[in-house]
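Colleague: I'd like to go through this one with you, fold first and then side chains. Mind if I fire off some questions?

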Amino acid sequence: MGWVPVKSDIKVPIWKNILYAFKILYSCSKSYMVWHIIDLLSYTLFNSFFRGILFLKVLLGIIEKNMDFTYYIKNLVLFLLCGLFYEFISVYSDYKTLVGEKKMLKALNNRIFKKAAEVDISCYEDPVFYDKYQRASEILTGGYFSAYAYAVSSVISNLIAFISVISIVASIHFTYLLFLLPIALVFLIEVAKSKVVYKRDFSMTTNNRIKAYTQRIVFLRDYAKDIRTSNIFSVILSRFNKAVTSNIKILKSYGVKLFIFSMVSSLFGEFIPIIGTYAFAGYQFIYTNSLSVSGFSVVLSSIYSVRSTTEMMANEFAELSAVALYFQNLREFFEYESKVVSGEKEPEEFESLEFKNVYFKYPSAEKYSLQNVNIKIEKGQTVAVVGVNGAGKTTFVKLLLRFYDVTSGEILYNGINIKEYKLESLRLKFATVFQDYKTFALSVNENIMCRNCSNEDKLTAEKALKQSGVYDKIRTLKNGADTVLTREFDENGAGLSGGEAQKTAVARMFASGFDVAILDEPSSALDPIAEYKMYETLIQATKNKTVIYISHRLSSAVLSDNIFVLGNGTVIESGAHNELMAGNGEYAKMFNLQASSYKKREGEDYEEN
C-alpha cells in the first residue's frame with residue numbers, strides 16, 4: 001500500500017484509533033498508563049469526593065447530632081492519615097509516570113526513526129509523504145501520546161469519582177439524577193467538536209510545513225551564505241507570511257462553528273444541571289423541610305463536584321477523540337508498505353552487472369528518464385557513465401541501488417535480477433559516494449566507519465583517510481580523527497572545506513568492504529588538477545576492484561576501461577576513451593570543450609602567478 005492522500009472529511013475510526021494508541025503505548029512502556037491512572041484517580045477521589053463531600057458530610061453530621069469532641073478528633077485523624085497516604089501516592093506516581101514517559105517516548109521515537117529509514121526514497125520526493133510524515137512526527141513533538149495517556153486516565157478517574165458522587169446525591173433524592181441526564185449529550189457534542197478541530201488542523205498541515213521549513217533553514221549553515229548575499233530570503237519570508245495568513249483564514253472559517261459547539265456544551269453540561277439541582281434543593285430545604293442542613297450542603301457540594309468532574313470528563317473525552325484522530329496519521333505512517341520489496345537471495349561475490357532494455361519513468365512524470373538502456377560491467381572493470389546534467393546519470397545510480405525499481409526491462413547482478421536479492425545485502429555490495437555527500441555531527445572516525453569505533457576501527461579509518469588524500473588535514477585537528485565535525489554539539493569541533501569533506505566521504509568508501517565502488521560526481525568540489533590527482537589515487541587504491549564513475553566532468557573517463565555516454569536517457573555512445581575520441585561524436589565534443597576550459601583556467605592561473 002502506498003501513500004494515499006487523506007481528505008479532511010474522511011471518516012476516521014475513533015474507537016479503533018483509541019485502542020491502537022493504547023496498544024502502541026502499552027508496548028512502549030507497560031507501566032506508564034497504570035501510574036498515570038493511579039495518580040489522577042487518587043487526586044480526583046481525594047479532592048472531589050473524599051475531601052469535598054465525604055468530610056463535609058461527616059463534619060455536618062457530627063454538628064447536627066451533637067457528637068462528642070473525641071469522635072470528631074478520631075474522624076479528623078482518619079482523614080489526616082488518608083491525606084498523607086494520598087500525598088505519598090501522588091509523589092511516587094508522579095516519579096513513576098515521568099520515568100515511564102521517557103521510556104515510552106524513547107521507544108516510540110526509535111520506531112518512527114526506523115520506519116522513516118525504511119520507506120522508499122521516492123517518498124522523500126513526494127509532498128503527500130511529507131505531509132503525512134509531518135503529521136506522524138507531530139504525535140511526538142506535539143505531545144499527543146502524553147495527552148492521550150492523561151485523557152484516558154482522567155476519563156477513568158473522573159468516571160469513578162462521578163459514580164461515587166452520584167451515589168451520594170441519589171441517596172439524598174433520586175430526582176437529582178434527572179437534572180444530570182443532559183450531561184450525556186455533552187459527550188456527543190464534544191466528539192463532534194473534536195472532528196471539526198481535526199479538520200481545521202488537517203487543513204493547516206501544508207502551511208505548517210512551510211513555516212517549519214523557513215524556521216529550519218534560518219539556522220542551517222548550508223543556507224547562511226546564500227541568505228546573506230542575495231534577496232532569496234525575502235521570497236522565502238513571503239511564503240512564510242502567506243502560510244501564516246492562510247492559517248489565520250482557516251482558523252476564522254472554523255471559529256463560529258467551534259464557538260457554537262462550546263456554547264451548547266456549556267448549556268447541557270453546566271447551566272441545566274446546576275440551575276435544576278439548586279432549584280430542587282432549595283424547594284426541598286425551604287418548602288418541604290425534607291432536606292437537612294447537612295443534606296442541603298452536601299447536595300450543593302456534590303453538584304459542584306459533579307459539574308467539575310463531568311466537565312473534565314467531557315473535555316478529556318473530547319481531547320481523547322481529537323488525539324485519536326491524530327493517531328490515524330501514525331497508523332497510516334506505520335502501515336506504509338514499500339513498493340521496493342526485498343528478495344530472498346543473498347548476493348554472492350560480484351562477477352557482473354547488466355542493465356538490460358531498461359526503461360524508467362518517475363512516478364507522476366510524463367517522460368521516461370531512461371529509455372532502452374543496455375550496459376554491461378564485468379568484474380575488475382573501471383567504468384565511466386557520463387553525460388550532461390539531466391542525461392539520466394543519477395537515475396542510473398538510483399535504479400542500481402534499488403531506490404526505485406525499473407518501469408520495464410531488468411537489472412542483473414551476476415546474471416540474476418536484483419529484485420531477487422535481499423535489499424540490505426545487495427546495497428552492502430556497493431560502496432557509494434554521492435554527489436550530495438553528507439558528513440554528520442560525529443567524529444571523523446565515526447563518519448568513516450559508520451559505527452562506534454574500536455582501536456582497530458581507528459587504524460582502518462586512518463588508512464582510508466590516507467587513501468582519499470585528506471589525512472594530512474585531519475591530523476592537524478585538535479583531536480585528530482576523534483574530532484567531531486561541526487561545532488553544533490561540541491565547541492572543539494571542526495568544519496571542513498567542501499573538497500576536504502568530499503575526500504572524507506571517499507574515505508568512507510575505502511573503509512568499507514565493497515565489491516563495487518560507485519562514485520556519483522565524487523570530485524564536484526575539487527578544481528580540475530586536484531580532481532585528476534584524486535582519480536589517479538582512486539585508480540591505484542581500487543586496483544582489482546570494480547569501479548563505476550558517474551560524472552559530467554570527464555577526468556574519470558580518461559582513466560576508465562569503458563565509457564558509456566548517456567543522452568536524453570539512453571546510451572548514445574560507448575567504448576574506451578581513444579575509441580570515442582576517434583569517433584568524433586558527442587563524447588569527443590564534450591571532452592574537447594572541457595579540455596579547452598581547463599587550459600584557459602591554467603593560463604589564467606599562470607598569469608596571476
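Colleague: How many helices and strands does the protein chain have?
Modeller: Ground rules first: this is a predicted model, so local features need pLDDT of at least 70 and side-chain atom pairs count only at pLDDT 80 or more, while totals for chains, interfaces and linings use all residues. Residues are numbered from 1 along each chain as its sequence is written, and side-chain values use heavy atoms, with hydrogens and water left out. Helices (H or I, at least four residues) and strands (E, at least two) are DSSP runs, numbered from the N terminus. On that basis the protein chain comes to 20 helices and 10 strands.

Colleague: What share of the residues of the protein chain counts as buried?
Modeller: Buried means under 20% relative accessible area, exposed over 50%, and partly exposed in between (1.4 Å probe, protein chains only). Among the 609 residues of the protein chain, the buried share is 45%.

Colleague: Take helix α4: how far apart are its end C-alpha atoms?
Modeller: Helix α4 covers residues 127–141, and the expected span is 1.5 Å times one less than the number of residues, so its 15 residues should span 21 Å. Buried residues in α4 include Phe129, Ala136, Ile139 and Leu140, along with Asp131 and Arg135. After α4 comes Gly143, with a positive phi near 70 degrees. As for the ends, the model agrees with the expected span, as the C-alpha atoms are 20 Å apart.

Colleague: On to charges. How many salt bridges does the structure hold?
Modeller: The rule asks for a side-chain nitrogen of Lys or Arg within 4 Å of a carboxyl oxygen of Asp or Glu. By that rule, the structure's count is 11.

Colleague: Which residue forms a salt bridge with Asp405, and is that partner buried or exposed?
Modeller: Asp405 itself is partly exposed, at 21% relative accessibility. The closest N and O atoms of its salt bridge with Arg402 are 2.8 Å apart. At 2% relative accessibility, the partner counts as buried, and its name is Arg402.

Colleague: Why are Glu462 and Lys466 separated by about one helical turn?
Modeller: Their side chains meet in a salt bridge at 3.3 Å, N to O. Glu462 is partly exposed at 29%, and Lys466 is partly exposed too, at 48%. The separation is about one helical turn because the two residues are four residues apart in helix α14 (residues 455–468).

Colleague: Which backbone nitrogen does the side chain of Thr483 reach?
Modeller: Thr483 lies in the loop between α15 (471–474) and α16 (498–511), yet it counts as buried at 1% relative accessibility. Leaving out residues up to four places away in sequence, it touches Leu442, Val444 and Asn492, among others, where contact means heavy atoms within 4.5 Å. Its side chain comes to 3.0 Å from a backbone nitrogen, that of Asn479.

Colleague: Last one: how many disulfides are there by the rule?
Modeller: A disulfide is a pair of cysteine sulfur atoms within 2.5 Å. By this rule the count is zero. Cys450, for instance, is in no disulfide, with the nearest cysteine sulfur, that of Cys453, 8.8 Å away. Cys450 is exposed at 56% relative accessibility, and the disulfide count stays at zero.

Methods: A polar contact is a pair of N or O atoms within 3.5 Å; within protein, one must be able to donate a hydrogen and the other to accept it, and residues adjacent in sequence count only if both atoms are side-chain atoms.
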